Amino acid sequence: MTNIVVVGAQWGDEGKGRIVDLLAEKVDIVARYQGGNNAGHTIVVDGETVVLHHIPSGILREKRLSVIGNGVVIDPKVLLGEIDKLRSSGYRVDEENLKISDRSHIIMPYHKEIDIGREERMGANKIGTTGRGIGPVYEDKAARRGIKLSDLIDPETFSARLQTVLEERNLYLTRVLEREPLHFETVYEEYIDYGEQLRGFVSDTSKLLNDFIADGKSILFEGAQGALLDVDFGTYPYVTSSSAGSGGACTGTGVSPTKIDRILGVAKAYSTRVGEGPFPSEIHGDLGTKLRDQGGEFGSTTGRPRRCGWFDAVALRYSARINGISELAITKLDVLSGLDTIKICVGYNYEGKVITEFPSSAQVLQNCKPVYQEIDGWKENLSNVKTILDLPPSARALLNMIEETTGVPIWIVSLGPSREKVLYTRDFSL
Ligand code: IMP
């Protein structure tokens, strides 16, 4: 029995969904622990692309239990749409193989209004959020005015809670953001129906997961976004509002840290970031555009173009430390084929001094200039490579450099979105 956390080691979009889908074959349960439908986990099965926003990527494997933990925030309309879409693509989703925490918080229409209204108001200082209401729903959770799934499925509690909260949120919407208020009846009618549709999936998932652990079952904890977007350890304030690091696996599911055995960090062979915020190894100009096009670097949730840059070993070492990463999965190595030179950022030049620790201040990071090590690129297409030893020498040199500069061993190397395009440096077992 092994319990493993799969965490994004960069700024999200590392290909976690694809890695979780692979590992799901080796575990009994896959549990999502934070974030909401700001996430878009893309998996390609038999040539068909599936994008999951709330549901764990394990749902695509038969006989696996999928759990949406208490740390996840749920947009019920989007979740129900996701369930329908999976079913119409032939995947089984029912009350037996999908369980949703009664403690998870609900993204309400005012959360989206506030998210969008605030971003508009902030203008040039905006965060560049996904506009899905994520910041405002986590804010309400911490402010103790959130609506939990257990509230939503109890009409009396939901009505009372919504009355109180909506009155206050409408004041904020109208007086501060100068937007239209929302009407209680409209919101209530729509959401009570979602609650009804979700009722059968709801359970105390912390109890469920701990009972499974006691029975010797294995759990994969699936993170969303990435550690550098974590509300505590990311490039604050340009972060999401949840604990996207490995620590979130415990607070977001109600499973103790003592039960976790391994932490797999997922990182691309280069870096990307969506939205605003510091990004020292960002590549500007034609090369950045080329990488974006070769890697298909457009948001799977919002379609926004992703900013592209070189692999940042300073950021990754930091990520490894705050998450306790025991091994790495490196994705999208194939995207780098055809480049003359490949760079790795190994330090930052800040005000004339080279630093090798990731700064806590976004202001400092913004003014850091990357210090690079370079290696020759390779021309070969990697799509038919079957073992690590068959990789071109430069590609192997890049993997070695990643291990040396981050201090973390690589376990998995992914060369494309489909299930078979993957290499292992050692046994594929947990
Ligand atoms: P929010 O999570 O919508 O509040 O967005 C906050 C920041 O996190 C923005 O820079 C988003 O672009 C970024 N972000 C949120 N979710 C994801 C994700 O799944 N992948 C990559 N970036 C994300």
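**A walk through the predicted model**

Ser394 has a relative accessibility of 18%, so Ser394 counts as buried. The cut-off behind that verdict is a value under 20%. The model is a predicted one.

Start, then, with the surroundings of Ser394. This residue belongs to helix H13, which covers residues 393-406. Which residues does Ser394 touch, once its neighbours within four places in sequence are left aside? They are Ile375, Asp376, Gly377 and Trp378. Gly377 also takes part in a polar contact: the side chain of Ser394 reaches the backbone oxygen of Gly377 at 3.3 Å.

Next comes the ligand. How many residues surround it? There are 16 around the ligand. Those that come nearest are Asp13, Asn38, Thr130, Thr240 and Arg304. By type, the shell divides into seven nonpolar residues, seven polar ones and two charged ones.

Some of the ligand's polar contacts can be followed atom by atom. Asp13 offers an N or O atom of its side chain, 3.0 Å from a nitrogen atom of the ligand. Gln225 also uses its side chain: an N or O atom there is 3.3 Å from a nitrogen atom of the ligand. Gly128 takes part through its backbone, where a polar atom lies 3.3 Å from an oxygen atom of the ligand. How much of the ligand's accessible area does the protein cover? On its own, the ligand has 470 Å² of accessible area, and the protein covers 96% of that.

Gln225 appears again in the setting of Lys16. Leaving aside neighbours within four places in sequence, Lys16 is in contact with Gln225, and also with Val7, Gly8, His41, Gly223, Ala224 and Val266. Lys16 lies in helix H1, residues 16-23. Is Lys16 buried or exposed? Its relative accessibility is 3%, so Lys16 counts as buried.

Helix H10 shows how burial can be arranged around a helix. H10 runs over residues 286-295, and its buried residues are Gly288, Leu291 and Gly295. Why do they line one face of the helix? Viewed down the axis of H10, the buried residues fall within an arc of 65°, so they share one face. Part of their cover comes from strand E13, residues 307-309. On the other side of H10 sit Asp286 and Asp293, both exposed. After H10 comes Gly296, with a positive phi near 60°.

Now turn to the backbone. Most residues other than glycine have a negative phi, and most peptide bonds are trans. Some places in this model depart from that pattern.

Where is Asp46? It lies in the loop between strand E3 (41-45) and strand E4 (48-52). Asp46 is not a glycine, yet its phi is positive, about 50°. With a relative accessible area of 79%, Asp46 is exposed; the cut-off for that term is over 50%.

Lys63 is found in the loop between E4 and strand E5 (65-68). Its phi is near 65°, again a positive value in a residue other than glycine. The relative accessible area of Lys63 is 74%, so Lys63 is exposed.

A peptide bond deserves a look as well. From Tyr236 to Pro237 the bond is cis, with omega near 10°. Pro237 sits in the loop between strand E10 (219-222) and helix H9 (248-251).

Two distances help to set the scale. Ser88 lies in helix H2, residues 76-88. At 66% relative accessibility, Ser88 counts as exposed. Ser88 and Ile283 are 195 residues apart along the chain, and their C-alpha atoms are separated by 41 Å.

The other distance starts from Asp102. This residue is in the loop between strand E7 (98-101) and strand E8 (105-106). From Asp102 to Thr42 is 60 residues in sequence and 26 Å in space, C-alpha to C-alpha. Which residues are in contact with Asp102, leaving aside its neighbours within four places in sequence? They are Lys148, Leu149, Ser150, Val202, Ser203 and Asp204.

How values were computed: Residues numbered from 1 in each chain as written. Predicted model: local features only at pLDDT ≥ 70, side-chain atom pairs only at ≥ 80, totals over all residues. Heavy atoms only, no water. Near = heavy atom within 4 Å. Polar contact = N/O pair within 3.5 Å; in protein donor to acceptor, adjacent residues only side chain to side chain. Areas by Shrake-Rupley, 256 points an atom, 1.4 Å probe, with all protein chains shown as cover. Nonpolar A, V, L, I, M, F, W, Y, C, P; charged D, E, K, R; others polar. Buried < 20%, exposed > 50% of the residue type's maximum accessible area, 1.4 Å probe, protein only. Helix = DSSP H or I, 4+ residues; strand = E, 2+ residues; numbered from the N terminus. Arc of directions from axis to C-beta. Contact = heavy atoms within 4.5 Å.
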